[in-house]
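Visitor: Please take a close look at the ligand and what surrounds it. Then point out what else in the fold deserves a check.

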Amino acid sequence: MAEKTVDHSCTLDKIISLCKRRGFVYQASEIYGGQAGAWDYGPLGVEFKRNIQNEWWHYMTQLHDDVVGLDSAIFQHHTTWKASGHADHFSDPMIDCLECQARHRADKMIEDFVAANPDKNPGKPVDTMTHEEMENFIKTNINCPVCGSKEKKYTSVREFNLMFKTYQGPIADESHLIYLRPETCQGIFTDFKSIVQSNRMKIPFGVAQVGKSFRNEIIFKNFIFRTAEFEQMEMEYFCKPGTEDETFERWRKDRWAFYLKYGIPENQLKWHHHDKLAHYAKDAYDITYNFPIGFEEIEGIHSRTDFDLSQHQEYSKKDMAYIDQEDGNKKYIPYVVETSAGLNRNFLMFLCEAYEEQNVAEAGQPEDYRTVLHLHPKLAPITVAVLPLMKKDGLAEKAKEIQNILKEDFVTDYDQSGTVGKRYRRQDEVGTPFCVTVDYDTLDSASANFNTVTVRNRDTMAQERVKLDELTGYIFNQIKNYNK
Ligand code: GAP
């Protein structure tokens, strides 16, 4: 009989299983069979997601003197979306199978088909195909991916607007129409003048924002990759017309550097240049990451021209121009370079990149695998776990005392159940970079190791004896000097 081999690579299924098992992400409304495109972030997931968001915020605002923050409302006046172009243009091409009624995104259906059949391609990039070209290609080549029907009976391709809409108040008419925002940045544009005036901002400057966005996507796919409700981390950088190209290049470099800083290797990232541009864009690149499902977008960098501010000026009849005191009081509508990252896709990327099933057996010993997340310590949901060697003899009390000190500066966990080896494995699986173990020497005034603990490093598994009064500083230093 052939020997059964175990696949130790990272797959999306393994990430989904880990997320559920260890409280990172659950299917929303699971007890009712689940809500499509919606996910709940559990106790560890919420810490991890917040850490990614905090590091992004720190990087974009604290490390860039010329970027300030904003938290605008999800509900904006409905004219906002008319002006931005979303009410009329924010749509995807869809096509339905007439056999099983499954709805597909026509462009993605072609992309998936071509990826599996590279010799059968439409001869041009999918994002430049007309509806008719997509329809002909699908009807000639593609069996329904859901029911597998070879009849290739489909509806025509038509556009589907992705915005969720409802009515505010009891009257369901046009004037009460309200949308759930499909991107966070429009609040930055509508607040542009207020930000300039209240904070005496001088061009060039940026405004950063993190928040929920909503899209009624035709298909929700690949766990938290494409969902109805998600979070964006966006920054709009306002600059003088004519300087947008150099600004665009600068932000492209800067955003790429962010991912390297937090441990994504360069060979796992790739640029994707847009052939077909969104209605507002002059140029656009995506940063894509090599997920287990292939290279997919995590962030878009867009040169948005003066489109948004000009549109809001036209629709609101309010002057959106900036008066440049440093250039002879010249009046102009600033140009905009946008960096727009998905928080949930960053979450998935950092998990996939960190995941390893590592054989930790000594040479000559049978294989012994641990699952470990090599997360950057600033992103890990728990920074330090405190473990008493035994529950008895005052070790648990001492460990609690140490945890209470560490709590002031770090997210901590306390675990006293099972062998220390098993407890290390549990912490490895959720990416805890430091385990502090309290043993008999810690308490023994006659021992050379009195008032010290061992600190175990998640990645190297090496243990070091550290004095209790130096423990906080030691951990801070390890985080500061972390290098994957
Ligand atoms: N303001 C520009 C804008 O929204 P986008 O390329 O449509 O640009 C930016 O979106 C980022 O938002 C994407 O790179 C992706 O990370 C995230 N994103 C977009 N749609 C998403 C969805 N349905 N589910 C999860 N993340 C999404």
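Guide: A term to begin with: helices and strands here are DSSP runs, numbered from the N terminus, with at least four residues for a helix and at least two for a strand. Keep in mind that this model is predicted.

Now the ligand. Which strand gives the most residues to the shell around it? Strand S13 does, with six. S13 covers residues 294-305. Two other elements also give two or more residues to this shell: strand S10, at 229-239, and strand S16, at 335-342.

The shell around the ligand holds 21 residues. Five of them are nonpolar, six are polar and ten are charged. The residues that come nearest are Glu183, Glu217, Thr227, Glu234 and Glu297.

Next, the polar atoms. Thr227 appears again here: one of its polar backbone atoms is 2.9 Å from a nitrogen atom of the ligand. Arg304 uses its side chain instead, with an N or O atom placed 3.4 Å from a ligand nitrogen. At Gly342 the backbone takes part, with an N or O atom 3.1 Å from an oxygen atom of the ligand. How much of the ligand does the protein cover? On its own, the ligand has 560 Å² of accessible area, and the protein covers 93% of that.

Now the helix packing. Helix H5 spans residues 106-116, and helix H6 spans residues 131-141. Their axes come within 10 Å and cross at roughly 45°. This angle makes H5 oblique to H6. The H5 and H6 crossing is left-handed.

A second pair is helix H12, residues 395-406, with helix H15, residues 471-480. Their axes are 10 Å apart, and the packing angle is about 55°. H12 is therefore oblique to H15. Here the crossing is right-handed.

Finally, the backbone. Where is the cis peptide bond that ends at Pro204? It runs from Ile203 to Pro204, with omega near 5°. Pro204 sits in the loop that links helix H8 (192-199) to strand S9 (205-214). Ser29 has a positive phi, about 55°, although it is not a glycine. Ser29 belongs to the loop between strand S1 (25-27) and strand S2 (39-41).

To return to the ligand: S13 gives the most residues to its shell, ten shell residues are charged, and the protein covers 93% of its accessible area.

Key. Residues are numbered from 1 along each chain as its sequence is written. This is a predicted model: local features need pLDDT of at least 70, side-chain atom pairs count only at pLDDT 80 or more; totals for chains, interfaces and linings use all residues. Side-chain values use heavy atoms; hydrogens and water are left out. A residue is near a molecule or strand if one of its heavy atoms lies within 4 Å of it. A polar contact is a pair of N or O atoms within 3.5 Å; within protein, one must be able to donate a hydrogen and the other to accept it, and residues adjacent in sequence count only if both atoms are side-chain atoms. Accessible areas come from the Shrake-Rupley method with a 1.4 Å probe; for residues, only the protein chains shown count as cover. Ala, Val, Leu, Ile, Met, Phe, Trp, Tyr, Cys and Pro count as nonpolar, Asp, Glu, Lys and Arg as charged, and the others, Gly among them, as polar. Axes are lines fitted to C-alpha atoms, for helices over the stretch in contact, and angles run from 0 to 180 degrees between N-to-C directions. Angles under 35 degrees count as roughly parallel, over 145 as roughly antiparallel, 65 to 115 as roughly perpendicular and the rest as oblique. A crossing is left-handed if the near helix is turned anticlockwise from the far one by less than a right angle, and right-handed if clockwise.
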